[in-house]
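Subject: Structure handover

Hi,

As promised, here is the structure for you to look through. My notes on what turned up follow right after it.

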Amino acid sequence: MRKTTLAVTALGVTAALALAGCAGGSGSGDSGSGDDTADIRVWLNGTDTPDAAREYLKTTFEADHPGSTLTIEEQSWTGLVDKLTTNLSGSDSPDVVEVGNTQAAAFTSAGAFLPLTDVYDAIGGDDLLPGFVEAGSYDGTLYAAPYYSGARLVFYKKDLLANAGLSVPTTLDEYVSNGIALAEANPGVSGIYFPGQDWYNALPYIWEAGGEIAEQDGDTWTSTFSSPESIEGLKQVQEVMTKASVAAKDGNETDPQVPFCEGVVANLSAPSWLKGSILAPADADAPGCPDQEPNLGVYALPGADGGAAHVFAGGSNIAVAAKSAHPELATDALEIMLSDEYQSILGENGLVPAKLSLADTLGTDEVATAIAEAAANSKLTPASPKWADVEASGALQDFFVSIAQGGDVAALAADLDEKIDGILNS
Amino acid sequence: MTSSVMLVREHESGGVQELPLAPKKNGKRGPSRARPGRFTPGVLLLPALLILAVVIGWPLIQLFVMSFQEFGRAQVFGAPAPFIGFDNYARVLGDPQFWAVLARSVLFCLANVIAAMVIGTLVALLMNRVNRFFKVLVSVGLLLAWAMPALTATIVWGWMFDTQYGVVNYLLEAVSGQDYTNHSWLIDPFSFFVVATIIVTWGAVPFVAFTIFAGLTQVPEEVLEASQLDGAGAWQRFRLIVFPYLRSIFVVVVILQVIWDLRVFTQIFALQGIGGIKEETSTLGVYIYQTSLGQGDYGTGGAIAVIMVILMVAISVLYVRRSLKEEEQ
């Protein structure tokens, strides 16, 4: 009898556990009853959008729509494509979502967003960043409006550079040799901070060497990481990762301000809005090191032949979910996010506004100058709807982690090309 | 089935205590009460079956259908999905990556089941020996580990093994005097799985320990005492007396552990986010996730999932047969 009881109990416990495991996903999405008032859920990613802008969005929306509320739900950039796929297709869909510019095509082509044709002129029309309009359009229709753009800049510690007798580099080769020299002169310090998974920062080396990520011929894509030019760039990446960086060889690029503030990073290539994170108050949730402001310098990554390098044009698009229960309210919220006031707040915080006419809100300090230089030469990832799948597969991260470990560049690149070809042409 | 029938009978006759009276009432019970009782088990099972059909049955059918379709991200948002026969299965079974993942999953599962069983049994034996205070102390510790969500646990363990700021590197350096600065625990697949094993086993030991501890109370003291007088050592007593008494519990717990460890997801997925190389560390659950949600290829992901379901069902049949045998005894 006892044995039976035990077995029954064990079974009961198992069932309870199994059920508990299933229960996790059912959120408390209270979709309002009427269409007039509702709670609009806006998904923003990471800490990129400054608090002032969030506050402005919430108060403006709620003042415009008495009775309605707006909730901002912060999502992680990591695994975003997976999360959007599951949530946008479900009945508990958020209303407005931010999506990385290189990820937008995966959703615009799948019908996950509502077309923005009707509000195109209201949100800025031809004033919107052309590259981002293209990234958010499918078959000539705009589904995901530009939200902000960002250029990758190099933040550096002035004292470390000065102590080593170095000056701001003017070519990519000099940047690399500076990094190596700084790492050798300061044991435990990354001359150039380069965690293994940070593939965005590896792209300029390939582009500057004349290589490309992938090339399109009709309907077929050919990944070109193993072209002689790309290999040359990748070898330079490996040199930086192994000789100039002491960052985790399998680390990712999140929160680079932590080691930077700790003083173990001399040069840090990161999106322009990272300045806000570095200078965040010491008592903030994600503390920075505001006392370092006089010591913080910034420049645009130099190219192979001088001038600014081709850097990855990061940024975001913003869209209304096709399954939003309140598309009109959601579109109103999106219009607020593209208003001059809101976009100016972004500009003042180091994000390149979605409208060309607001470029001067970035100011005239050295960050603004560097952004202008870098943005002029920035490039995008291949314009294939499948590119988001390449990113989500993790193949790029795996590849650069292997490079950081000192793997055989040519063999790894050939292997990667095969994988990417398979995804892009599937 | 049998257990619910027994429970019902006990209930009808007014509790266990009255059970001995039952034979006397036999004449009355005969045909008149047997008929309504005949449907009771079925009716009682109905709610559970309904929930299972909705929560597990329907998704399973969808998964099965999907595994024969070309199902990408466009289909998720409503495009029609064409049937392509066994193409998905052919692609999966012809992919060396799948076999590598499967082999890795099985090895990982074996290592974890063995580790959890050995440590869990030792903890159970310990609890059986110590006094009340320590018994409560160990139980509370085990319960806390058991109650900790797998994701939370993995993040915390991940911090401890962090390359730059992890306490493990710090302590190892302090104790051994060797240089563990920036030692990455996750970059090498073997080392990755050592960390994963620690996390999974840490989470599994409480269940094993509690179940076996409960079972230990079934072993008659007299037999153990007698064997001790005959000169049996601790190991002999465990092997020749305790283990045979608890054999059925061990079998059931092992099968459950195999099922849980073979489909492990959270710990591996979260660890891959912290570091390591995904391709060399994916197990079945994570591989399905990467194929389906990561690459948007739900058809192929579905085919892998169906293969995994078949594997799981095969193991579960063992478990159910064993449980039914238990009830018959």
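In what sense do strand 6 and strand 14 of chain A pair, and over how many bridges? The pairing is antiparallel and runs over two bridges. If you want a spot to click on, A:Ser149 stands opposite A:Val352 of strand 14 of chain A. Before going further, please keep in mind that this is a predicted model.

**The sheet in chain A**

That pair belongs to an open sheet of six strands in chain A, with the order 2-1-3-13-6-14 and mixed pairing. The edges are taken by strand 2 (69-75) and strand 14 (352-353) of chain A; each has a single partner strand, so one side of each is left without a neighbour in the sheet. As general background, strands of a sheet pair through backbone hydrogen bonds, in either the parallel or the antiparallel sense.

Two helices are worth viewing together with the sheet. Helix 12 (residues 327-337) of chain A lies across strand 1 (39-45), strand 2, strand 3 (96-100), strand 6 and strand 13 (314-320) of chain A. Relative to strand 13 of chain A, helix 12 of chain A runs at about 150 degrees. Helix 13 (residues 340-348) of chain A also packs on the sheet, where it touches strand 6 and strand 14 of chain A. The direction of helix 13 of chain A makes about 25 degrees with that of strand 6 of chain A.

There is a salt bridge to look at here too: the side chains of A:Glu73 and A:Arg41 meet at 2.9 Å, N to O. A:Glu73 lies in strand 2 of chain A and A:Arg41 in strand 1 of chain A, so the pair ties together parts that are 32 residues apart in sequence. Over all chains, the count comes to 11 salt bridges.

**The two domains of chain A**

The domain assignment splits chain A into domain 1 (39-150 + 314-362) and domain 2 (152-312 + 380-424). Their centres, taken over C-alpha atoms, are 27 Å apart. The contact involves 17 residues of domain 1 of chain A and 12 residues of domain 2 of chain A. Between them, these two domains of chain A bury about 1200 Å², with carbon and sulfur atoms giving 61% of that area. A:Thr102, A:Gly150 and A:Gly314 supply 36% of the area that domain 1 of chain A buries against domain 2 of chain A, more than any other three residues.

What holds for charged and polar pairs across this interface of domain 1 and domain 2 of chain A? The rule finds zero salt bridges there, and four residue pairs in polar contact. On the side of domain 1 of chain A that touches domain 2 of chain A, helix 3 (80-89), helix 4 (104-108) and strand 6 of chain A each supply at least two residues. The largest share of that side, three residues, comes from strand 6 of chain A.

**Where chain B meets chain A**

The contact between the chains takes 44 residues from chain B and 42 residues from chain A. Together the chains bury about 3500 Å², 59% of it on carbon and sulfur atoms. B:Arg73, B:Phe77 and B:Ile187 supply 18% of the area that chain B buries against chain A, more than any other three residues.

Two salt bridges cross this interface of chain B and chain A. A:Lys419 forms a salt bridge with B:Glu279, and their closest N and O atoms are 2.5 Å apart. The rule also finds 12 residue pairs in polar contact across the interface of chain B and chain A. Several helices of chain B give two or more residues to the side that touches chain A, including helix 1 (2-12), helix 9 (189-216) and helix 15 (298-328). Helix 11 of chain B gives the most to that side, with five residues.

**The two domains of chain B**

Chain B is divided into domain 1 (1-66) and domain 2 (79-328). Seven residues of domain 1 of chain B are in contact with nine residues of domain 2 of chain B. The area buried between these domains of chain B is about 640 Å², and carbon and sulfur atoms give 71% of it. Between them the count is zero salt bridges, and the rule finds zero residue pairs in polar contact. Helix 1 and helix 2 (22-66) of chain B each supply at least two residues of the side of domain 1 of chain B that touches domain 2 of chain B. Helix 2 of chain B provides the largest share of that side, five residues.

Happy browsing, and all the best!

Notes: Residues are numbered from 1 along each chain as its sequence is written. Chains are lettered from A and ligands numbered from 1 in the order in which they are written. This is a predicted model: local features need pLDDT of at least 70, side-chain atom pairs count only at pLDDT 80 or more; totals for chains, interfaces and linings use all residues. Side-chain values use heavy atoms; hydrogens and water are left out. Two strands pair if DSSP finds at least two bridges between them. Helices (H or I, at least four residues) and strands (E, at least two) are DSSP runs, numbered from the N terminus. Contact means heavy atoms within 4.5 Å. Axes are lines fitted to C-alpha atoms, for helices over the stretch in contact, and angles run from 0 to 180 degrees between N-to-C directions. Domain bounds come from an automatic or database domain assignment. Buried area is the accessible area (1.4 Å probe) that two parts lose on being put together, summed over both. A salt bridge is a side-chain nitrogen of Lys or Arg within 4 Å of a carboxyl oxygen of Asp or Glu. A polar contact is a pair of N or O atoms within 3.5 Å; within protein, one must be able to donate a hydrogen and the other to accept it, and residues adjacent in sequence count only if both atoms are side-chain atoms.
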